[in-house]
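Morning, everyone. Please have the sequence and the 3D view open, and we'll walk through a few spots together.

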Amino acid sequence: MSISSSTNLRSSPISATLERRLEAVEHTRANNVSFEQTKEKIRKMLEKVEVCVSAYDTSWVAMVPSPSSQTAPLFPQCLNWLLENQHEDGSWGLDDTHNHPSFKKDMLSSTLACILALKKWRTGERQISKGLQFIELHSASVTDETIQKPAGFDIIFPGMIEYARDLNLVIPLGSEVVDAMIQKRDLDLRSESYSRGREAYLAYVLEGTRKIQDWDLVGKYQRKNGSLFDSPATTAAALTQFRNDGCLRYLSSLFKKFEAAVPTVYPFDQYARLSVIDTLESLGIDRDFKNEIRSILDETYRCWLREDEEIRLDLATCALAFRLLLGHGYDVSYDPLKPFAEESGFSNTLEGYLKNTVSVLELFKAAQSYPDESALKEQCLWTKQYLEMELSNWPMNSVRDKYLKKEVEDALAFPHYASLERLDHRRKLLRGSCVENNTRVMKTSFCFSNVCSSDILKLAVEDFNFCQSIHGEEMKRLDRWIVENRLQELKFARQKLAYCYFSGAATLFSPELSDARISWAKGGVLTTVIDDFFDVGASKEEMENLIHLVEKWDLNCVPEYCSEPVEIIFSVLRDTILETGEKAFIYQGRTVTHHIVKIWLDLLKSMLREAEWSSDKPKPSLEDYMENAYVSFALGPIVLPATYLIGPPMSEETVGSPEYNQLYKLMSTMGRLLNDIQGFKRESAQGKLNAVSLHMIHDQDNHSKEEVIECIKGLAERKREELQKLVLEEKGSVVPRECKEAFLKMSKVLNLFYRKDDGFTSQDLMSVVKSVMYEPVTLQDESLN
């Protein structure tokens with residue numbers, strides 16, 4: 001339940017029962033001290049995400065000479081920091097916790113840059129000696145192609161070696177190695193190939209080239225804050241070479257925030273905090289930080305509207321901000337991402353030249369989030385192909401590469417429209433990756449120093465298992481409900497409680513949505529029973545008797561049943577409708593039972609119509625069939641009553657609005673089409689009506705079965721896109737967002753169930769169901785470190 005809906009409920013005098021239920025849930029969690037302490041630590045992360053300082057960038061800032069004296073540093077505090085922060089092994093760079101072989105080139109690059117800064121100002125002989133020893137000891141890593149290279153390494157590292165020669169400093173690398181690196185660098189620099197991406201890249205690695213003499217070639221990349229690419233190293237090189245006032249202003253501003261050392265990119269607050277939000281959402285624990293997330297997104301939205309460079313000029317940040325803001329109901333335009341609708345637009349950027357997989361992955365996710373825009377569809381296509389190509393050539397050089405590869409694999413294997421939240425949460429938890437393993441590599445490695453991935457993971461694991469225990473108790477109640485209402489005695493009826501409950505628990509998983517889950521599951525069980533009743537278990541008399549009883553809805557007289565199955569079905573249906581109506585009254589403050597009765601009556605009448613069509617009467621047109629079939633697909637009694645129990649109040653005008661009914665129709669039509677595609681062979685053998693068979697019967701162009709199925713697949717996809725667009729639309733919407741999302745969640749269930757076959761009929765999904773409902777998540781110690 002959202003904060004706003006919770007507030008609405010608590011302002012109502014009739015919400016006391018619900019209030020007590022919610023308080024009981026929160027009290028159980030609050031009693032766990034560790035749980036609350038971890039949440040508080042994460043809140044502090046959200047308030048301020050700190051990027052660790054960079055020895056590499058600090059060394060380049062330290063090399064900037066004072067305007068008043070070329071023999072003294074402009075920022076002596078950086079020089080002092082270098083002297084005091086060398087590691088025991090002689091290196092500089094990230095601390096020992098990141099001392100993985102995949103970071104060796106990064107450490108060598110950082111160490112060489114620090115040595116140059118000390119040598120330039122003729123200080124730190126002991127540190128220089130230890131640093132050279134480190135380089136000599138790890139010299140083989142320089143040419144080891146299996147080790148990940150920081151951005152620009154092939155230009156910057158040989159450039160630093162040349163600078164060392166200018167300072168009469170001998171770097172302990174073999175002359176053949178050095179000559180080969182410089183030759184390769186020179187060939188690269190002399191290349192006549194041109195692209196805007198390459199031009200940006202050469203400006204980005206300015207400290208390694210020292211060849212660009214024209215400020216105009218560099219200045220076009222200067223940002224409003226005075227920096228080049230928000231990179232202290234590049235900006236320091238530009239200030240040293242061109243004495244630009246904007247560069248000086250940017251570097252000076254860094255020391256208002258950082259004492260003596262600078263990060264490798266600044267500012268980076270937006271991406272850092274949005275990444276934490278994305279991680280919390282991807283693990284299912286964002287509901288504990290609604291206020292903090294809303295505050296951050298409000299700030300991000302203000303930055304978006306004023307076209308802040310920190311968002312607009314970084315592809316990953318822009319795409320991530322677009323996706324999160326859109327998902328939270330902010331009115332954002334796709335315009336900033338339009339240049340990347342085609343791959344050529346990406347190739348013309350620095351990220352494109354560097355083949356930045358993180359940026360492409362974020363563009364792919366953004367493109368999936370709002371598929372109605374034609375440009376976004378193009379973007380989705382090329383980014384998908386790009387990521388598939390990346391996977392086929394993945395180098396697997398580092399720990400982070402392994403996690404990033406998993407992220408790419410998941411994004412491709414589980415598209416946004418067919419991924420259930422709880423399955424996603426479990427998959428990410430078992431993988432143990434968090435906030436991109438909290439380490440990124442640009443010119444050097446950096447991490448979010450106050451973001452503790454293990455805290456986030458521990459909270460998410462505990463929350464997952466806590467919710468799962470609640471789901472287990474609910475399943476026991478539902479098992480008893482089936483027995484108490486004699487549903488197991490109906491031999492013609494499929495027993496699908498596990499699937500019915502799973503579809504709700506995998507989407508409406510939080511403890512406070514218990515009433516909605518129970519209603520969802522009971523609706524699923526009863527619609528399955530009634531579908532089988534009309535298909536194989538009932539005579540025409542029994543069908544009409546059941547419809548008459550619901551239509552009459554007289555609770556004061558003794559019902560007249562024509563058979564025991566009718567008695568069993570009507571009794572449980574009546575009790576379930578009344579129970580749901582009573583619970584809904586607590587949330588809504590008004591009686592909605594009459595609406596729930598109508599939902600069921602519409603379903604029963606549509607099923608009777610299908611039963612009549614399946615007899616000897618003339619076959620309906622495809623249009624008539626679909627107008628009835630979206631109702632007979634039986635999602636109405638599952639989803640519609642549950643929307644009353646999610647939280648936000650919905651007036652009679654809201655549930656009678658075109659928007660509410662269109663949400664229902666789009667969801668149901670999509671589901672019916674997917675079901676008919678997968679069930680065509682089976683249902684044709686049973687003599688049942690089906691969209692595929694009717695299309696072929698009435699098709700005057702004699703299309704093949706395969707062509708008809710492809711046509712219907714396209715129609716189902718368009719309905720899904722229309723539904724997603726309607727759910728995201730805020731302007732003029734009268735249905736609360738939380739309620740609209742219930743329709744979208746069911747569409748994801750349907751895409752999962754009917755992805756390969758009629759998943760609801762087969763047993764293949766049972767292992768997935770068990771993993772969400774019965775198998776607690778446990779992590780190895782290394783996943784939490």
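**A walk through the model**

Let's start with one side chain: that of R737 reaches the backbone oxygen of L326 at 3.3 Å. Keep in mind that this is a predicted model.

Where does R737 sit? In helix α37. Is R737 buried or exposed? Its relative accessible area is 14%. The cut-off for buried is under 20%, so R737 counts as buried. Now look at its contacts, leaving out residues up to four places away in sequence. R737 touches L326, G327, H328 and G329. It also touches V727, L728 and E730.

Two of those names, V727 and L728, lead us to the next stop. They belong to helix α36, on its contact with α37.

So how do we describe a pair like this? Two packed helices are described by the angle between their axes and the distance between the axes. Here, α36 covers residues 705-728 and α37 covers residues 737-753. The angle is about 155 degrees, and the axes are 9 Å apart. Angles over 145 degrees count as roughly antiparallel. Therefore α36 and α37 are roughly antiparallel to each other. The crossing of α36 past α37 is left-handed.

Which residues make the contact? From α36, take R720, L723, Q724, L726, V727 and L728. From α37, take R737, K740, E741, F743, L744, S747 and N751. There is R737 again, on the α37 side. Sort the contact by class and you get six nonpolar, three polar and four charged residues.

While you have helices on screen, one general point. An α-helix has 3.6 residues a turn, so residues three or four places apart point the same way.

Next, helix α10, residues 196-204. How many of its nine residues are buried? Eight, so we call this helix mostly covered. The buried ones are G197, R198, E199, A200, Y201, L202, A203 and Y204.

On to helix α7, residues 125-137. Find I128 there. I128 has 9% relative accessibility, so it counts as buried. Beyond residues up to four places away in sequence, I128 touches I115, L118, K119, T123 and L169. Now pick out L83. I128 and L83 are 45 residues apart along the chain. Their C-alpha atoms are separated by 9.5 Å.

Now a strand. S445 is found in β4, residues 445-447. At 2% relative accessibility, S445 is buried. What does its side chain meet? The side chain of D106, in a polar contact at 2.5 Å.

Last, three loops with backbone details.

First stop, the loop between α14 (245-254) and α15 (269-282), where P267 lies. A cis peptide bond joins Y266 to P267, with omega about 0 degrees.

Next stop, F229, in the loop between α12 (215-219) and α13 (232-242). Its phi is positive, near 60 degrees, and F229 is not a glycine. F229 counts as buried, at 11% relative accessibility.

Final stop, A634, in the loop between α31 (622-632) and α32 (636-643). What is the phi of A634? About 75 degrees, a positive value, although A634 is not a glycine. A634 is buried as well, at 5% relative accessibility.

To recap one thing: R737 is buried, and its side chain reaches the backbone oxygen of L326. Thanks, that's my tour.

Note on methods. Residues numbered from 1 in each chain as written. Predicted model: local features only at pLDDT ≥ 70, side-chain atom pairs only at ≥ 80, totals over all residues. Heavy atoms only, no water. Axes fitted to C-alpha atoms, helices over the stretch in contact; angles between N-to-C directions. Helix = DSSP H or I, 4+ residues; strand = E, 2+ residues; numbered from the N terminus. Parallel < 35°, antiparallel > 145°, perpendicular 65-115°, else oblique. Left-handed = near helix turned anticlockwise from the far one by under 90°. Contact = heavy atoms within 4.5 Å. Nonpolar A, V, L, I, M, F, W, Y, C, P; charged D, E, K, R; others polar. Buried < 20%, exposed > 50% of the residue type's maximum accessible area, 1.4 Å probe, protein only. Polar contact = N/O pair within 3.5 Å; in protein donor to acceptor, adjacent residues only side chain to side chain.
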